[in-house]
Amino acid sequence: MSERFVPSELPDPKPRPKCPYCNKELGDDPSFCSNCGKYLGNKGKQYKPLSDGRKKTIRLIVGAVLLVIFFVVFFFVNRRG
Ligand SMILES: [Zn+2]
(Lines give C-alpha, C1' and ligand atoms only; values in the text may rest on other atoms or scores of the structure.)
Protein backbone atom coordinates (compact mmCIF):
# COMPACT_ATOMS: atom_id res chain seq x y z
CA MET A 1 0.00 0.00 0.00
CA SER A 2 1.86 3.00 -1.22
CA GLU A 3 -1.05 5.41 -1.41
CA ARG A 4 -3.19 6.36 1.49
CA PHE A 5 -6.86 5.84 1.18
CA VAL A 6 -8.61 9.07 2.05
CA PRO A 7 -12.37 8.55 2.25
CA SER A 8 -13.10 12.24 2.51
CA GLU A 9 -11.64 12.88 -0.93
CA LEU A 10 -13.83 10.33 -2.62
CA PRO A 11 -16.64 11.71 -4.72
CA ASP A 12 -20.14 11.32 -3.36
CA PRO A 13 -21.18 7.72 -4.05
CA LYS A 14 -24.78 8.74 -4.50
CA PRO A 15 -25.38 11.16 -7.36
CA ARG A 16 -27.14 14.12 -5.94
CA PRO A 17 -30.24 15.40 -7.71
CA LYS A 18 -29.77 18.53 -9.73
CA CYS A 19 -31.89 21.63 -9.87
CA PRO A 20 -33.96 21.68 -13.08
CA TYR A 21 -33.71 25.48 -13.17
CA CYS A 22 -30.02 26.16 -12.70
CA ASN A 23 -28.63 22.60 -13.04
CA LYS A 24 -26.71 22.99 -9.81
CA GLU A 25 -26.42 20.01 -7.50
CA LEU A 26 -28.85 20.23 -4.65
CA GLY A 27 -27.74 20.29 -1.05
CA ASP A 28 -29.07 18.44 1.95
CA ASP A 29 -32.63 19.51 1.21
CA PRO A 30 -33.48 18.37 -2.32
CA SER A 31 -36.87 20.02 -2.17
CA PHE A 32 -35.26 23.43 -2.19
CA CYS A 33 -32.46 24.76 -4.38
CA SER A 34 -29.88 26.60 -2.32
CA ASN A 35 -28.38 28.15 -5.44
CA CYS A 36 -31.31 29.84 -7.17
CA GLY A 37 -33.79 29.55 -4.31
CA LYS A 38 -36.46 27.72 -6.28
CA TYR A 39 -38.83 25.46 -4.47
CA LEU A 40 -38.75 22.05 -6.12
CA GLY A 41 -41.32 20.24 -4.04
CA ASN A 42 -41.00 16.49 -4.39
CA LYS A 43 -39.19 16.60 -7.72
CA GLY A 44 -35.76 16.07 -6.26
CA LYS A 45 -36.97 13.77 -3.55
CA GLN A 46 -38.46 10.36 -3.93
CA TYR A 47 -42.00 10.29 -2.69
CA LYS A 48 -42.40 8.12 0.36
CA PRO A 49 -45.93 7.08 1.21
CA LEU A 50 -46.85 7.10 4.85
CA SER A 51 -46.37 3.82 6.58
CA ASP A 52 -49.31 2.08 8.20
CA GLY A 53 -47.97 2.81 11.66
CA ARG A 54 -47.73 6.50 10.89
CA LYS A 55 -51.26 6.52 9.48
CA LYS A 56 -52.54 4.86 12.64
CA THR A 57 -50.77 7.42 14.80
CA ILE A 58 -52.24 10.31 12.80
CA ARG A 59 -55.70 8.78 13.06
CA LEU A 60 -55.27 8.39 16.81
CA ILE A 61 -54.19 12.01 17.17
CA VAL A 62 -57.08 13.25 15.03
CA GLY A 63 -59.49 11.11 17.03
CA ALA A 64 -58.14 12.38 20.34
CA VAL A 65 -58.35 16.01 19.20
CA LEU A 66 -61.93 15.54 17.99
CA LEU A 67 -62.82 13.90 21.29
CA VAL A 68 -61.36 16.80 23.26
CA ILE A 69 -63.21 19.34 21.09
CA PHE A 70 -66.42 17.37 21.56
CA PHE A 71 -66.01 17.31 25.34
CA VAL A 72 -65.17 21.03 25.50
CA VAL A 73 -68.26 21.91 23.45
CA PHE A 74 -70.40 19.55 25.48
CA PHE A 75 -69.07 21.05 28.72
CA PHE A 76 -69.81 24.63 27.67
CA VAL A 77 -73.26 23.79 26.34
CA ASN A 78 -74.13 22.05 29.60
CA ARG A 79 -72.80 24.95 31.66
CA ARG A 80 -74.91 27.49 29.87
CA GLY A 81 -77.97 25.48 30.56
ZN1 LIG B 1 -31.52 26.08 -8.78
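1. The expected span of a helix is 1.5 Å times one less than its number of residues. In this predicted model, helix 1 has 29 residues and should therefore span 42 Å. Its end C-alpha atoms lie 42 Å apart, in agreement with that expectation.

2. Helix 1 is the one helix of the chain, which has zero strands. The helix covers residues 52-80. Among its 29 residues, the count of buried ones is zero, and helix 1 is thus described as hardly covered.

3. For the chain as a whole, 2% of the 81 residues count as buried. Of the contacts with a separation of 6 or more, 3% join residues that are 24 or more positions apart.

4. Is C33 buried or exposed? C33 is buried because 23 other C-beta atoms lie within 10 Å, and the cut-off for a buried residue is 20 or more. This cysteine belongs to the segment before helix 1.

5. Which residues does C33 touch, not counting those up to four places away in sequence? They are C19, Y21, C22, K24, L26, K38 and L40. As for C19, it stands 14 residues from C33 along the chain, and the C-alpha atoms of the two are separated by 6.3 Å.

6. G41 is also located in the segment before helix 1. G41 counts as exposed because it has 11 C-beta neighbours inside 10 Å, where the cut-off for an exposed residue is 12 or fewer. Between the C-alpha atoms of G41 and P30 there is a separation of 8.2 Å, and these two residues are 11 residues apart along the chain.

Notes. Residues numbered from 1 in each chain as written. Predicted model: local features only at pLDDT ≥ 70, side-chain atom pairs only at ≥ 80, totals over all residues. Helix = DSSP H or I, 4+ residues; strand = E, 2+ residues; numbered from the N terminus. Contact = placed C-beta atoms within 7 Å.
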